[in-house]
Amino acid sequence: MKSFKIFLLIVVLVALFVFSLNNTQMVKVAFVGFETPEIPLFLIVLFIFALGFLLGLLVASLEMIRLRREATQARKALVNAQAGAKLSEPEPPSSSSAEVN
């Protein structure tokens, strides 16, 4: 599995390198009143890709935190329910007690 990950990383890096060689045009990007200086197109695409990756990582992390919190609360509720069930169970009769008729 580790060799597959390394292979995949190499493929992505080669693709990124080829992409950057084919997209060296200088462009300006205007967005909501902000305008970038002229920079190569591949830098803009790379920046947007990295920003999307980080945003996805943030959203996934927040979801993991929420799910862990829910799991912890469910475990506590289960332990409390089991403890309550043990307290409410009647004790089995002792075998040493004598029956009176």
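Is L46 buried, partly exposed or exposed? In this predicted model, where residues are numbered from 1 along each chain as its sequence is written, local features need pLDDT of at least 70, side-chain atom pairs count only at pLDDT 80 or more, and totals for chains, interfaces and linings use all residues. Side-chain values use heavy atoms, with hydrogens and water left out. As for L46, its relative accessible area is 34%, so it counts as partly exposed (buried is under 20% relative accessible area, exposed over 50%, and partly exposed in between, with a 1.4 Å probe and protein chains only). L46 sits in helix α2; helices here are DSSP runs of H or I with at least four residues, strands are runs of E with at least two, and both are numbered from the N terminus.

First, a word on confidence. pLDDT is the predictor's confidence in each residue, on a scale from 0 to 100. Its mean over the protein is 86, and 87% of the residues reach 70 or more. Among the elements, strand β1 (residues 26-27) has the highest mean, 92, and strand β2 (residues 30-31) the lowest, 86.

L46 also belongs to a nonpolar surface patch, together with L9, L13, L16, F19, L43, V45 and F49, and the accessible area of the whole group is about 710 Å². Two elements, α1 (2-22) and α2 (41-88), each give two or more residues to this patch. Patch members have over 30% relative accessible area and no salt bridge; like charges are joined within 9 Å, and nonpolar side chains (Val, Leu, Ile, Met, Phe, Trp, Tyr) within 5 Å. The areas themselves come from the Shrake-Rupley method with a 1.4 Å probe, and for residues only the protein chains shown count as cover.

Two buried residues come next. S20, in helix α1, counts as buried because its relative accessible area is 14%. A polar atom of the S20 side chain lies 2.7 Å from the backbone oxygen of F17. N23 is found in the loop between α1 and β1, and its relative accessible area of 15% makes it buried too. Leaving aside residues up to four places away in sequence, N23 touches P40, L41 and F42 (contact means heavy atoms within 4.5 Å).

What about charged side chains? Side chains of opposite charge can pair when their charged atoms come close. The structure holds 3 salt bridges, a salt bridge being a side-chain nitrogen of Lys or Arg within 4 Å of a carboxyl oxygen of Asp or Glu. One of them joins K28 and E35, at 3.4 Å from N to O; E35 is partly exposed, at 47% relative accessible area.

Helix α2 has a salt-bridge network that links E63, R66 and E70. E63 and R66 are 3 residues apart in α2, about one turn of the helix, and their closest N and O atoms are 2.5 Å apart. R66 bridges to E70 as well, with the closest N and O atoms 2.4 Å apart. Why are R66 and E70 separated by about one helical turn? Because they are 4 residues apart in helix α2. The network's residues are partly exposed: E63 has a relative accessible area of 36%, R66 comes in at 36%, and E70 at 40%.

How values were computed. Polar contact = N/O pair within 3.5 Å; in protein donor to acceptor, adjacent residues only side chain to side chain.
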